[in-house]
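Here are two short exercises to work through with the model open beside you. Try each task before you read its solution.

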Amino acid sequence: MMAQYLALKAEAEDCLLFYRMGDFFELFFDDARTAAQVLDIALTSRGEHAGAPIPMCGVPVHSAESYLARLIKAGCRVAIAEQVETPEEAKKRGGSKALVARDIVRFVTAGTLTEEALLEPRRANVLAAVCEVRGQVGIAACDISTGRMELEECTPERMGAALARLGASELVCPDGWEAAPLDGIARPLREFQSDGGQERLCLIHGVATLDGFGAFSRAMLAAASGLIAYLDHVGRGRLPLLLPPVARSTGAHLAMDEATRTSLEILEASGGGRRGSLCEAVDRCVTGAGARQLAEDLSAPLTDVAMISARLDLVQWLHDEVMLRGDLRAVLRALPDVGRALGRIVAGRGSPRDLGQLRDGLSEARRMRDYLLRREDRPGLLDALLPHLGGHGALVDHFSRALVPSPPTERAQGGYIAAGYDHGLDALRETAGNARRAIAALEAKYRDETGVAALKIRHNGVLGYFIEVPAKHGDRLMAPDSGFTHRQTMAGAVRFNALALHEEASRIGEAGGHALAAEEAHFEQLVAEAVASAGAIAGTAAALARIDVAAGLAERAAEGLWCRPEVVDEARIAVTGGRHPVVEAALSAKGERFVANDCALAPEDRLWLIGGPNMGGKSTFLRQNALIVLLAQAGSFVPAERATVGLVDRLFSRVGASDNLARGRSTFMVEMVETAAILSQATDRSFVILDEVGRGTSTYDGLALAWAVAEAVHSLNRCRCLFATHYHELSRLAETCEALSLHHVRAREWKGDLVLLHELAEGPADRSYGLAVARLAGVPAPVLARAKAVLGKLEKGRAETGGLAAGLGELPLFAAALQAEEAEGDALRERLAGLDLDALTPRAALDLLYELKREASS
Ligand code: ADP
């Protein structure tokens, strides 16, 4: 047995091997140690290997799913080795000592799950493959629980951002690739071939060319090839549901890098988990598929006014039609997760219940379509969705006839095919039923004959049907001519058989076996039918999800008095009465009110410098405006009275270092790396929020960097920007930057206490209130008094030398400084171009170098 185990283990590579033995999956050696620790189950041992006991642990097959879930969550991957023949077959094959053949039937990994119990209903589960072809990165991603697949290409620099958007739970990449993401699972390089990828995709979708699906680059196809090869590997050759790939074009979505996503807490709050995230604050979807679609929309907002307006029209319609919205949501709420049921069926892991879910979901979808068709004022997007809701009439009718109303998740007991569907099956069931009734009659007859009122006919898995009497009556049935044959003597009872009972029992057994086989054949047939229409069924699931998203957003808007944003193709943002959805919800849970604020950015006033005390609401204001842009471009209403959002191509959000201490790298370094990314990537169509840049270093450094960054954003990137800072000195930038204006969050000292008004006002902040905030936070009075004294001293010194920003006014303007540097560069370039290097003696070359160096340092 160990030889068989070790051979399978070699095949399982770095996965834990679940080795089927009867009713248990057993794990051995290091696998057992790992699993015992993660699962907190007993580690035992069995036999010896190389002179030492073999560590072992096991989990029951019937509850394996919950153990699998925990292992996957802990980052393990698992290979399942099943018995692929019965013990009887093994005996027939190789005699009584023959070992039952086993084979790895499947790998269970985080990215390749389909089981309901292992998946989160409101979250997509993405598997991605990434590789590089001739300097371009290709990314292939799919959610095999629903079959969605998309391909993307980007530059190596943008790979991080692209992967951040996908949030894959498992990532594969070619072995030996230097730029491979850290968490990538290395797979053989030969699996990432663009030709192979194209061929496989054509084969899977039965087409001669992929042109009908979109334009795919070599890098995209190579990644697709890697993805499919991995799916082949984990599914042991059985591919899961894969819908035709969609090419994600660069520029079709609002670009956000990983730092921005994290800082805006789009899908996850900073503490981890969905609570406190934007997604949680917005999500009112009533189906898991809707929630998954919403998360995707928020991760990838659009950049096309027409597409955004189409989504907004539908939300608006459902917002205004209160009754209709209520009706639709009631229907949606009762819907099964059609997409995921289909995913399991295609992957060969479907159950009768999954078939029932398709039937119910598709028939409700058809009803919904008929209901919506009666409305004449339908928005365009809904019209485009409606055809997808129908078209499954034949399948629904067939499944309705074939299946019982609520089919079970297990096939083994049968009973899922409806009566009246197959007369042969009905007859078998009747035979078995008659025999069961006959057995009930036999019980009465035997009681009469023996005079034992306590006689019972019972059934168990080992003996089948038998007659049982209390021990004290056993003798009465023991008599040789009694017609009963003894089978077993228990502590309090004796068990017998009888010919008539045996006959009826075999009738039940035989008919039951045939009935099961008949049901099984019908099951396969129904599965094949579902698989044949997989594409169309997935289309229905997607349309239902889209409707749920729109209805959920309409519900959210109505609940929070959100407004429909006007989305325009200009570099402006104008928000009246804007709010932060997450902070507002948190405050209202405490019975506190959120103070709404306006924001107005335009090309001539594109950078707002915002000062004011700590805790005054600066960060909140910055983020709420970023979120309003994000929501608007995702096609949602926004938390404001009125909002005009000019399309944003890239959104950046940065928070000064000391706010995120939990990261690994030197926090100031992280801050600067992220700031560098903004300065190199933001365009005049981008929107940037910068919160306390420069805070992570000393006062002078920090002020100097904040100053230079603000100038660069203003004069070079020319993007819309909200810049929060506690450096007063920066307000002097208003003197030189014509499109920069000064704002502050208001605060008042009242009877010695600081009152934060959370209200934005024009003009610079008058002072920094640091000590007042410290008092608010409970810093003891003696410490405050001492700080006050130190501050007085510092301020006096500062006043005498002209303050921290003294002399800054004499600096040349930023643009002018850049020009001067460029002019110098040009002169040097000209001089170099004029040199005839071949005519230069070594001595002359060296002299020239000295001269250049002297000039450079003068
Ligand atoms: P800052 O960035 O100025 O330090 P924050 O934006 O972090 O301040 O806000 C601090 C706290 O003040 C928030 O956690 C929130 O409870 C409260 N707050 C912020 N903005 C508002 C607002 N507009 N209305 C009401 N409370 C607010």
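**Exercise 1.** Sort the shell around the ligand by residue class, then find its polar contacts.

*Solution.* Step 1: the shell holds five nonpolar, six polar and two charged residues, where Ala, Val, Leu, Ile, Met, Phe, Trp, Tyr, Cys and Pro count as nonpolar, Asp, Glu, Lys and Arg as charged, and the others, Gly among them, as polar. This is a predicted model, in which local features need pLDDT of at least 70 and side-chain atom pairs pLDDT 80 or more, while totals for chains, interfaces and linings use all residues. Side-chain values use heavy atoms, without hydrogens and water, and residues are numbered from 1 along each chain.

Step 2: helix H22 (residues 618-633) gives the largest share of the shell, three residues; a helix here is a DSSP run of H or I with at least four residues.

Step 3: look for polar contacts (N or O atom pairs within 3.5 Å). Ser-619 places a polar side-chain atom 2.6 Å from a ligand oxygen. A polar backbone atom of Lys-618 is 2.9 Å from an oxygen atom of the ligand. For His-758, a polar side-chain atom lies 3.5 Å from a ligand nitrogen.

**Exercise 2.** Give the strand order of the open four-stranded sheet and name its edges.

*Solution.* Step 1: the order is S18-S22-S19-S20, with mixed pairing; strands are DSSP E runs of at least two residues, and two of them pair if at least two bridges are found.

Step 2: S18 (566-568) and S20 (597-601) are the edges, each pairing on one side only.

Step 3: S18 runs parallel to S22 (residues 642-646), joined by three bridges, and Glu-566 stands opposite Thr-644 in S22.

Key: A polar contact is a pair of N or O atoms within 3.5 Å; within protein, one must be able to donate a hydrogen and the other to accept it, and residues adjacent in sequence count only if both atoms are side-chain atoms.
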